[in-house]
Amino acid sequence: QVQLVESGGGLVQAGGSLRLSCQASGRAVTIYRVGWYRQAPGKEREFVADISWSGGSTNYKDSVEGRFTISRDNAKNTVYLQMNSLKPEDTAVYYCAAQRRPGVYDIWGQGTQVTVSS
């Protein structure tokens, strides 16, 4: 079984930066893509960004493109989300997720809280 563990969340002022990490551990399996989702209080979980584990192609939610950067370190089994120019509306619990089958995020981490104060 593969486990995902997120870290790096916290409290930051608007305009600040945070870097989230998602480390995979456990049984070796084929992973197609790793993504970041977020869920704000009272709202549905939404896609933020994802990256191909092999080729590195990326996708971003429109509102974060240019501010957030997703990257991977295959040797460390870790995916990062660098978040710059943070806004209060970025406040949410951020989840890391992985695809063991193309197009299906079926492994999820426990989440890490990001709070951006105005």
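Which residues are linked with Arg38 in a network of salt bridges? Hold that thought while I set the scene.

Hello everyone. What we have here is a predicted model, where local features need pLDDT of at least 70, side-chain atom pairs count only at pLDDT 80 or more, and totals for chains, interfaces and linings use all residues. Residues are numbered from 1 along each chain as its sequence is written, and side-chain values use heavy atoms, with hydrogens and water left out.

Now back to the opening question. The network of salt bridges links Arg38 with Glu46, Lys61, Arg67 and Asp90. By salt bridge I mean a side-chain nitrogen of Lys or Arg within 4 Å of a carboxyl oxygen of Asp or Glu. The general idea is friendly enough: side chains of opposite charge can pair when their charged atoms come close. In total, the structure holds 6 salt bridges.

Let's look at Arg38 itself. Arg38 is buried, with a relative accessible area of 5%. For that word, the cut-offs are under 20% relative accessible area for buried, over 50% for exposed, and partly exposed in between, using a 1.4 Å probe and protein chains only. One partner of Arg38 is Glu46, and their side chains meet at 2.7 Å, N to O. Glu46 is partly exposed, at 27%. Another partner is Asp90, where the closest N and O atoms are 3.0 Å apart. Asp90 lies in the loop between β8 (78-83) and β9 (92-101) while Arg38 is in strand β4, so this pair ties together parts that are 52 residues apart in sequence. Asp90 is buried, with a relative accessible area of 0%.

A quick word on those strand names: helices (H or I, at least four residues) and strands (E, at least two) are DSSP runs, numbered from the N terminus.

Strand β4 has another salt bridge to show you. The side chains of Arg33 and Asp50 meet at 3.1 Å, N to O. Arg33 sits in β4 (residues 33-39) and Asp50 in β5 (residues 46-52), so the pair links distant parts of the chain, 17 residues apart. Are Arg33 and Asp50 buried or exposed? Both are buried.

Next, the sheet. Strands of a sheet pair through backbone hydrogen bonds, either parallel or antiparallel. Here, two strands pair if DSSP finds at least two bridges between them. In this model, 4 strands form an open sheet in the order β1-β3-β8-β7, with antiparallel pairing. Its edge strands are β1 (2-7) and β7, each pairing on one side only. On average, neighbouring strands of this sheet are turned by 15° against each other, direction ignored. Those angles run from 0 to 180 degrees between N-to-C directions, and the axes are lines fitted to C-alpha atoms, for helices over the stretch in contact.

Starting at one edge, 6 bridges join β1 to β3 (residues 18-26), and Leu4 stands opposite Ala24 in β3. At the other edge, β7 (residues 68-73) and β8 pair over 6 bridges, with Arg72 opposite Val79 in β8. What do β7 and β8 form together? They form a hairpin with 4 residues between them, and Asn77 in the turn has a positive phi of about 50°.

Now for some rings. The structure holds 4 aromatic pairs. Rings of Phe, Tyr and Trp (its six-membered ring) pair if their centres lie within 6.5 Å; planes under 30 degrees apart count as stacked, over 60 as edge-to-face and the rest as tilted. Tyr37, Phe47, Tyr105 and Trp108 form one aromatic cluster. Trp108 also has a charged visitor: the charged end of Arg45 sits over its ring, 4.6 Å from the centre. That charged end sits over the ring of Tyr95 too, 4.0 Å from its centre. The rule is that NZ of Lys or CZ of Arg is within 6 Å of the ring centre and within 35 degrees of the ring normal.

Last stop, Gln13 and Pro88. Gln13 is in strand β2 (residues 10-13) and is exposed, at 62%. Gln13 and Ser117 are 104 residues apart in sequence, yet 4.8 Å apart in space, C-alpha to C-alpha. Leaving aside neighbours within four places in sequence, Gln13 is in contact (heavy atoms within 4.5 Å) with Val116 and Ser117. Pro88 lies in the loop between β8 and β9 and is partly exposed, at 35%. Not counting residues up to four places away in sequence, Pro88 touches Ala14, Val116 and Ser118. Thanks for listening!
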